[in-house]
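Biologist: I'm new to this one and would like to learn how to read it. Could you bring it up and walk me through a few features?

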Amino acid sequence: LIIALVLVCSSGLAAELLHHGPFPDASEDIVGLLSLSYEGNLPTWTSSALLLSCAVVLALIAQGASSYRRRWILLSLLFGYLSIDEAVGLHEQLNRLVDLGGPFYFGWNLE
């Protein structure tokens with residue numbers, strides 16, 4: 001798992017360095033696929049898969065827990081939601097419903 005994360009992060013960094021370095025035009029597609037700054041690419045799906053695996057592990061813990069079962073279930077549901085949100089970008093759609101300004105503007109802006 002750690003090796004996979006290191007590979008995804010280092011490939012994103014390498015793509016950014018190539019884009020801002022010697023090959024700015026040739027690496028446009030690679031940056032879109034591997035950049036840690038964009039959505040809907042390999043790092044986003046990796047993050048979503050990690051959150052989903054956490055949700056599954058928490059559900060398994062809740063299944064075997066004799067105490068605090070509801071808390072483990074709540075954590076499992078929370079991580080499941082975070083996984084879906086990371087993959088689909090639900091929180092970014094809130095800007096259409098609520099006009100956020102100040103420090104929240106750039107974090108929730110769709111432009």
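Biologist: Let's start with one residue: is Leu82 buried, partly exposed or exposed?

Modeller: Keep in mind that this is a predicted model. Buried means under 20% relative accessible area and exposed means over 50%, with partly exposed in between. Leu82 has a relative accessible area of 32%, so Leu82 is partly exposed.

Biologist: Which helix does Leu82 lie in?

Modeller: Leu82 lies in helix α4, which covers residues 69-88.

Biologist: And which residues make the nonpolar surface patch?

Modeller: Leu82 is one of them, together with Leu75, Leu78, Tyr81, Ile84, Val88 and Leu90. The patch comes to about 600 Å².

Biologist: Now for a contrast: is Thr44 buried or exposed?

Modeller: Use that cut-off of 20% again. Thr44 has a relative accessible area of 4%, so Thr44 counts as buried. You'll find Thr44 in helix α3, residues 42-64.

Biologist: What does Thr44 touch, leaving out residues up to four places away in sequence?

Modeller: Thr44 touches Tyr38, Glu39 and Glu86.

Biologist: Let's zoom out. How many helices and strands are there in the protein chain?

Modeller: Six helices and zero strands. Reading from the N terminus, the elements go α-α-α-α-α-α.

Biologist: What share of the residues is buried?

Modeller: Buried residues are 22% of the 111 in the protein chain. As for the surface, the accessible area of the chain is about 8100 Å², and 69% of that belongs to carbon and sulfur atoms.

Biologist: And how many of the contacts join residues at least 24 apart?

Modeller: Taking contacts between residues at least 6 apart in sequence, 30% join residues at least 24 apart.

Technical notes:
Residues numbered from 1 in each chain as written. Predicted model: local features only at pLDDT ≥ 70, side-chain atom pairs only at ≥ 80, totals over all residues. Heavy atoms only, no water. Helix = DSSP H or I, 4+ residues; strand = E, 2+ residues; numbered from the N terminus. Buried < 20%, exposed > 50% of the residue type's maximum accessible area, 1.4 Å probe, protein only. Contact = heavy atoms within 4.5 Å. Patch = residues over 30% accessible without salt bridge, like charges linked within 9 Å, V, L, I, M, F, W, Y side chains within 5 Å. Areas by Shrake-Rupley, 256 points an atom, 1.4 Å probe, with all protein chains shown as cover. Salt bridge = Lys/Arg side-chain N within 4 Å of Asp/Glu carboxyl O.
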